[in-house]
Amino acid sequence: MENQRFDRASRQILAALQDDCRQSTQALADKVGLSATPVWRRIKELEDSGVIRRHVALVDREKLGLNICVLANVSLVRHSEGAVEQFERLVLASREIIECHGITGEADYVIKVVVPDMKAYDLFLQGQIFKVPGVASVRSNVVLREVKYETALPVDA
């Protein structure tokens with residue numbers, strides 16, 4: 001299903017699942033105007049093809065005490081052998097880093113880090129990021145207010 005156009009029913013299924021992935025197949029079928037069996041088959045196809053990667057619960061980070069969110073621009077030393085691989089291994093292993101994107105511009109990556117407080121962020125930088133030899137610099141931007149946070153993709157486009 002990669003790079004293919006999705007029909008109206010598949011888009012409606014994806015939109016409904018992004019809104020609430022716990023709803024029954026019958027409830028989805030009622031929303032999209034199909035019977036339960038074809039909806040179940042479409043969901044299975046979407047999962048098998050990787051369009052639906054996984055089903056998750058969205059958790060309020062602040063209710064877990066993760067009060068600080070930082071968007072950090074990380075630059076690597078270009079000539080350092082293995083710097084990219086070493087940094088990306090750290091990213092994949094770090095629970096504090098919840099997003100990482102390779103970017104264009106002045107930095108090589110932007111990472112989204114969640115921690116309880118600024119002391120924890122300092123410990124994270126000192127204990128993990130700055131220990132990677134290929135890291136040249138980190139420019140941190142502390143999130144003051146979250147204006148919009150969505151996980152649902154615009155499937156109607």
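Student: In strand 3, which residue is the bridge partner of Gly-102?

Tutor: This is a predicted model, and in it we can look at how two neighbouring stretches of chain are paired. Strand 2 and strand 3 run antiparallel and are joined by five bridges. One residue to look up here is Gly-102, whose bridge partner in strand 3 is Tyr-109.

Student: Which residue takes a positive phi in the hairpin of strand 2 and strand 3?

Tutor: The hairpin made by strand 2 and strand 3 has six residues between the strands. A positive phi near 110 degrees is found in this hairpin, and the residue that takes it is Gly-105.

Student: Which residue meets Lys-112 in a salt bridge, and is Lys-112 itself buried or exposed?

Tutor: The partner of Lys-112 is Glu-99, with 3.8 Å from N to O, and the pair links distant parts of the chain, since Glu-99 lies in strand 2 (residues 97-102) and Lys-112 in strand 3, 13 residues apart. Glu-99 counts as partly exposed at 34% relative accessibility. Lys-112 has a relative accessible area of 14%, and the cut-off for a buried residue is under 20%, so the salt bridge partner of Glu-99 is, at 14%, buried.

Student: How many salt bridges does the structure hold, and which residue does Arg-42 meet in one of them?

Tutor: The structure holds four salt bridges. One of them has a distance of 2.7 Å from N to O and involves the side chain of Arg-42, which is in helix 3 (residues 36-48), while the other residue is 35 residues apart from Arg-42, in the segment before helix 1 (8-19). Both residues are partly exposed, because the relative accessibility of Arg-42 is 22% and that of the other residue is 37%. The residue that Arg-42 meets is Asp-7.

Student: How many residues apart are Asp-48 and Lys-44?

Tutor: Asp-48 and Lys-44 form a salt bridge, and their closest N and O atoms are 3.2 Å apart. Asp-48 is exposed, because its relative accessible area is 57%, whereas Lys-44 counts as partly exposed at 35%. Both residues lie in helix 3, where about one turn of the helix separates them, and this corresponds to four residues.

Student: Which strand supplies the largest share of the largest nonpolar core?

Tutor: In soluble globular proteins, nonpolar side chains tend to be buried together. Here the largest nonpolar core has 20 residues, and those with the most contacts inside it are Phe-87, Tyr-121 and Ile-129. At least two residues of this core come from each of strand 1 (68-76), helix 4 (83-93), strand 3 (109-115), helix 5 (118-127) and strand 4 (135-142). The largest share, five residues, comes from strand 1.

Student: Which residues does Phe-87 touch, leaving out those up to four places away in sequence?

Tutor: Phe-87 is one of the residues with the most contacts inside the largest nonpolar core. With residues up to four places away in sequence not counted, Phe-87 touches Val-74, Leu-76, Cys-100, Tyr-109, Ile-111, Ile-129, Val-132 and Val-135.

Student: How many residues are in the other core, which lies apart from the largest one?

Tutor: Among the residues of this other core are Phe-6, Ala-29, Val-39 and Ile-52. The core lies apart from the largest one, and its number of residues is 13.

Student: What accessible area do Val-56, Leu-58 and Tyr-149 have together?

Tutor: Tyr-149 is found in the segment after strand 4, and with a relative accessible area of 46% it is partly exposed. Together with Val-56 and Leu-58, Tyr-149 forms a nonpolar patch on the surface, and the accessible area of the three together is about 320 Å².

Note on methods
Residues numbered from 1 in each chain as written. Predicted model: local features only at pLDDT ≥ 70, side-chain atom pairs only at ≥ 80, totals over all residues. Heavy atoms only, no water. Core = buried A, V, L, I, M, F, W, Y, C linked by side-chain atoms within 4.5 Å. Buried < 20%, exposed > 50% of the residue type's maximum accessible area, 1.4 Å probe, protein only. Contact = heavy atoms within 4.5 Å. Patch = residues over 30% accessible without salt bridge, like charges linked within 9 Å, V, L, I, M, F, W, Y side chains within 5 Å. Areas by Shrake-Rupley, 256 points an atom, 1.4 Å probe, with all protein chains shown as cover. Pairing = 2+ DSSP bridges.
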